[in-house]
Amino acid sequence: MTLGYHVGDEIQKRSYDSHLMKRLLVYVRPYRIRMFFATVLLLIAAIFSTLVPYYNGKSIDRFINNPERVQLQQAMAGQEPSPDLQAQLDQQRQADTANLHRLVLVMALLIVGEALARYAQGIIVAYIGQKTMMQMRMGIFAHLQRMSLKFLDKNPVGRLMTRVTNDVEKIQETIVSGAVHTINDLFVIVFVLSFMFWHDWQLTLVTLSPIPFVFIVGLIFRKYSQTSFLEIRRRLAHLNAFLQENISGMRVVQIFRREAVNYQEYEKRNADHRDEWFKQIKYYAYYFPVIDFLGTLSLGFIILYGGSQLMHLQQLGRVADIGIILMYVQWSERLYGPVRALADRYNLILEAMASSERIFELLDTPEDIPDKPGAIVATNLKGHVEFKDVWFAYEPERWILKGINLTIVPGERVAVVGHTGAGKSTLINVLSRFYDIQRGSITIDGVDIRDYDKQSLRRNIGVVLQDVFLFSGTIEHNIRLGDGVMSDKEVHACAQHVNAADFIERLPGAYTYDVGERGCNISTGQRQLLAFARTLAHRPRVLVLDEATSSIDPETESLIQDAISKLMDQRTSIVIAHRLSTIQHADRIVVMHHGAIREMGTHQDLLAQRGLYYTLYRLQYREETPHHDHPTA
């Protein structure tokens, strides 16, 4: 199974998938105890939040508007108060004041308790979220490290980067933080509704009367906002793709004076993205005011119904519970907030489903070049390499290598030449087991390379490519490449051996000099010398050079040639060459043509045969020395 993503995959609608959710929760499982405590804290916060309006109402009805004190005041109205009634009224006032102070203190403690519970819950959830995100990213990174070049060839780097960064972050935000907030909303809704129905079910139904309209508006908003969001993702993908392509091809853009045209195209794509964002904002601008209006309408119904009930009680001469109106007003505010948020959070869950599907499709892509059970660890290799009837194709039946038979004895220097597309570089890929061959076998010291542990096999094969890749960091870091056992003395000795020490020591900071991204702060020749030092430092038994001098100026070439000679010493060496003048002293030259070995021998033997090698050499000689007609054999 391989990834076959395209732009359309970025905007497909996803529905809730319980199977995906279960797989996502696996990442949270190691932190389930912390998650349980966070949930308990949410429960406590929801209870405290619901109790505050209840005590607010009770403080008014029991102490501020105490029926007993009101009756005493009514009894004393219009007449001379007796000392007993006045004393009783004063005593009641003192008791109400004391009880009110205690109740205010209780409410203050509830508010502080709610704040502390939410703070602690936020810290726990943030910890779980970051741990989960790190675990998921490390899992994806480790999986990518194991994948073959074939996989990377079919999947653009930008798309894989999006999986590791944006998709993982979206899942973390939604599944961890979003799930916790959803749980909190549900707790609040349950507790508020429970208190409301327990206290006055009729007033509760009045309060909930706009709820059906809230759900209808939420469904409509979810439909349009999700479509708009997916369209934003699609246009953003087009915008980023054009930007990346324009920056990568800046030389071509400037040479062909495409700056103004590309600017207009980027402006158009940017405007499309902006306009879709405006559309999304418009949907939110409709949604939230409508929901706020329905919430306010609920408050109006509470006041209308509660006020009429109070007026009716007053007409009967009974003391009305005024606090119940305040109580239900506050409960209504606490109820409609979570209800409004649930519709928007459902969209976030759908986004997480889409991101998780892409991530799990990546993680479920099997390793196409796995180690065999009980793979042999390659140690103390002599470097005897043999290709036995090797056939290989990147695509089915489109053979790049056809029946290759080649034996290289330990310490031998073999050069491989041929036209572009002859299959020379493919030999490196199959020998290093970046790709597995379809037919035949490749052995080192008589053992099929597919029987070796991949890491130990590649540790014994040193490859210096034509386009040297250096990592951001110091020269010392690029020579060591994470080998903590290698001493500074060994690093310096390797650089000295391949003629790299002179230019290194002239740089600011010498071995601590930062080479920049891909080695942009040093020249091509200097990067090549560093590649030789790096290869020598890791002591491979088999050395492969892929035209290591093709882009070197004449002044540096002599240093490079001397470094190559030192690097090849006592190693089995395979040199992929385009410039035939650089491999005349090889022990053997292999001439490839259309994926097959056509000729083999020394430089002089092949010239004497006047075959394909002779033709290649004559063509290159004429290009390099146009005033001569024939090479010297």
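Biologist: Before we look at Glu 276 and Arg 235, what counts as a salt bridge here?
Modeller: A salt bridge is a side-chain nitrogen of Lys or Arg within 4 Å of a carboxyl oxygen of Asp or Glu. Keep in mind that this is a predicted model. The side chains of Glu 276 and Arg 235 meet that rule, with 3.6 Å from N to O.

Biologist: Which parts of the chain does that pair tie together?
Modeller: Glu 276 lies in helix H10, residues 259-315, and Arg 235 lies in helix H8, residues 211-248, so the salt bridge ties together parts that are 41 residues apart in sequence.

Biologist: And is Glu 276 buried or exposed?
Modeller: Glu 276 is buried, its relative accessible area being 4%, whereas Arg 235 is partly exposed, with a value of 21%.

Biologist: How many salt bridges turn up in the whole structure?
Modeller: The search finds 12 of them. One of these joins Arg 480 to Asp 488, where the closest N and O atoms are 2.4 Å apart; Arg 480 counts as buried at 16% relative accessibility, while Asp 488 is partly exposed at 41%.

Biologist: Which residues are joined into a network by shared partners?
Modeller: Arg 235, Glu 276 and Lys 279 are joined into one network by salt bridges that share partners.

Biologist: What about Arg 274, which residue does that one bridge to?
Modeller: Arg 274 forms a salt bridge with Asp 275, and their closest N and O atoms are 3.0 Å apart. Arg 274 is partly exposed, at 42% relative accessibility, and Asp 275 is also partly exposed, with a relative accessible area of 36%.

Biologist: Switching to rings, how many aromatic pairs are there?
Modeller: The count comes to 18 aromatic pairs. Among them is the pair of Phe 195 and Trp 331, which is tilted, with 6.0 Å from centre to centre and 50° between the planes.

Biologist: Where do those two sit in the chain?
Modeller: Phe 195 is in helix H6, residues 157-199, and Trp 331 is in helix H11, residues 323-363, so that pair links distant parts of the chain, 136 residues apart. Phe 195 and Trp 331 are both buried.

Biologist: Which residues make up the aromatic cluster with Phe 195 and Trp 331?
Modeller: Tyr 54, Tyr 55 and Trp 198 form one aromatic cluster together with Phe 195 and Trp 331.

Biologist: Last one: which residue lies over the face of Trp 391?
Modeller: That is Arg 439, which lies over the face of Trp 391 at 5.2 Å from the ring centre.

Note on methods: Residues are numbered from 1 along each chain as its sequence is written. This is a predicted model: local features need pLDDT of at least 70, side-chain atom pairs count only at pLDDT 80 or more; totals for chains, interfaces and linings use all residues. Side-chain values use heavy atoms; hydrogens and water are left out. Helices (H or I, at least four residues) and strands (E, at least two) are DSSP runs, numbered from the N terminus. Buried means under 20% relative accessible area, exposed over 50%, partly exposed in between (1.4 Å probe, protein chains only). Rings of Phe, Tyr and Trp (its six-membered ring) pair if their centres lie within 6.5 Å; planes under 30 degrees apart count as stacked, over 60 as edge-to-face and the rest as tilted. A charge sits over a ring if NZ of Lys or CZ of Arg is within 6 Å of the ring centre and within 35 degrees of the ring normal.
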